[in-house]
Amino acid sequence: MRRLSRALTAFVLAGAGLAATTVPAIAADGDTGSTSPAVRCETAWGSLAKASTDSAYKSLRDIRTGQHDCFDRMVFDVKGSGERPIGYRVAYVDKLYQDGSGDPVPVGGDAILEIRVAAPSYEPTTGLPTYRGRVGEPLRGVDVTGYRTFRDTRYASSFEGDTQIGLGLRARLPFRVFQYGHLVVVDVAHAWDSAPPATEPHGLS
C-alpha cells in the first residue's frame with residue numbers, strides 16, 4: 001500500500017496525463033530548463049477563486065512541489081481520504097491574514113495565492129500533529145528556488161479543520177485546482193495562454 005501511495009504521488013507530480021496537452025516533467029532540482037518548441041501550453045484556466053465545499057475531513061500529511069514546462073505544481077497529500085471529496089478554496093489575495101488571529105503573514109513575490117485545504121495539520125481524534133508547519137515560516141522540505149512561477153511558500157495556520165498556506169508568485173497568473181485520489185493539486189501557469197481578458201466572468205473559473 002505504501003508503494004502504491006508513492007507511485008500515485010510521483011504520477012501526479014510528474015503531470016502524467018493531467019495537463020490540457022502533453023506536458024513533460026521537469027526535475028524539481030533548481031534546473032528549470034526551457035519550454036520545448038513542441039510543447040503548446042493551453043492554460044486558459046482563469047485567475048478567479050476556485051472552491052470545493054465537500055470534505056473528507058482527514059489529516060494533511062505532506063505538501064510537495066514540482067516544475068513542468070507549462071506550470072509549477074503544489075500537491076497536498078491527504079492520506080486516508082480515499083476517493084472522497086476534499087474541500088478547498090484557492091484565491092488571490094492582496095495580503096495573507098492568519099485564520100483565527102487575523103495577524104498578517106508576509107509572503108514574498110508579486111502576487112499571493114491563498115490556499116485553504118479542508119484537512120487539518122493534526123489528527124482530529126488525538127490532536128497529534130501530522131504536518132509540522134510553523135506559522136510564518138516556509139513549508140518544510142519545500143525549496144522553490146529557480147522555479148519559473150513560484151517565489152515563496154508560507155505556512156499560515158491549521159484552524160477549524162482547514163490548513164492555510166500562502167503561495168507567493170511572480171505575477172497573478174492563471175491557475176487550476178483538482179483532486180486526484182487523496183491528493184489536492186494546485187497548478188499555476190508560467191504565462192497566460194493568450195492575452196488575459198479585461199474582465200473575467202463572475203463566479204468560479
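These are my notebook entries on a predicted model of one protein chain.

**Entry 1: the overall layout**

I began by listing the elements, and I found one helix and ten strands in the chain. Reading from the N terminus, the order is α-β-β-β-β-β-β-β-β-β-β, with the helix ahead of the strands. I then looked up burial: 47% of the 205 residues count as buried. The exposed surface comes to about 10,100 Å², and carbon and sulfur atoms supply 51% of that area. For contacts with a separation of 6 or more, I noted that 70% are between residues 24 or more positions apart.

**Entry 2: the cores**

Which residues have the most contacts inside the largest nonpolar core? I found F76, L113, I115 and V188, in a core of 30 residues. Next I looked up where the core residues come from. At least two are supplied by each of β4 (71-77), β5 (88-93), β6 (111-117), β7 (150-159), β8 (162-169), β9 (175-180) and β10 (183-189). Strand β6 gives the largest share, four residues. As a reminder to myself, nonpolar side chains in soluble globular proteins tend to be buried together.

I picked V188 for a closer look. Setting aside neighbours within four places in sequence, I listed its contacts, among them W45, F71, D72, Y92 and L113. The list for V188 also includes T149, F150, L167, L169, L173, P174 and F175.

There is a second core too, separate from the one above, with six residues that include V105, V107, I112 and A156. I kept V105 in mind for a later entry.

**Entry 3: the disulfide**

How many disulfides does the structure hold? I found one, formed by C41 and C70 with their sulfur atoms 2.1 Å apart. For anyone new to the term, a disulfide is a covalent bond between the sulfur atoms of two cysteines.

I then checked where the two partners sit. C41 is in the loop between β1 (25-26) and β2 (50-52), while C70 is in the loop between β3 (62-68) and β4. The pair links distant parts of the chain, 29 residues apart.

Why is this disulfide left-handed? Its torsion about the S-S bond is about -80 degrees, so the C41 and C70 pair gets that label.

Are the two cysteines buried or exposed? C41 has 22% relative accessibility, so I wrote it down as partly exposed. C70 has 4%, so it counts as buried; the cut-off for buried is under 20%.

**Entry 4: R154 and V105**

I turned to R154, which I found in strand β7. What does its side chain reach at 2.8 Å? I found the backbone oxygen of G136 there. The R154 side chain also makes a polar contact with the side chain of D152, at 3.0 Å. Leaving out residues up to four places away in sequence, R154 touches V105, P106, V107, G136, E137, P138, L139, Q164, I165 and G166.

That list led me back to V105, in the loop between β5 and β6. V105 has 6% relative accessibility, so it counts as buried. With residues up to four places away not counted, V105 touches L96, Q98, G136, R154, Y155 and A156. G136 thus turns up in the contact lists of R154 and V105. I looked up the V105 and G136 spacing as well: 31 residues apart in sequence, and 5.7 Å apart from C-alpha to C-alpha.

Terms used
Residues numbered from 1 in each chain as written. Predicted model: local features only at pLDDT ≥ 70, side-chain atom pairs only at ≥ 80, totals over all residues. Heavy atoms only, no water. Buried < 20%, exposed > 50% of the residue type's maximum accessible area, 1.4 Å probe, protein only. Contact = heavy atoms within 4.5 Å. Areas by Shrake-Rupley, 256 points an atom, 1.4 Å probe, with all protein chains shown as cover. Core = buried A, V, L, I, M, F, W, Y, C linked by side-chain atoms within 4.5 Å. Disulfide = S-S within 2.5 Å. Polar contact = N/O pair within 3.5 Å; in protein donor to acceptor, adjacent residues only side chain to side chain.
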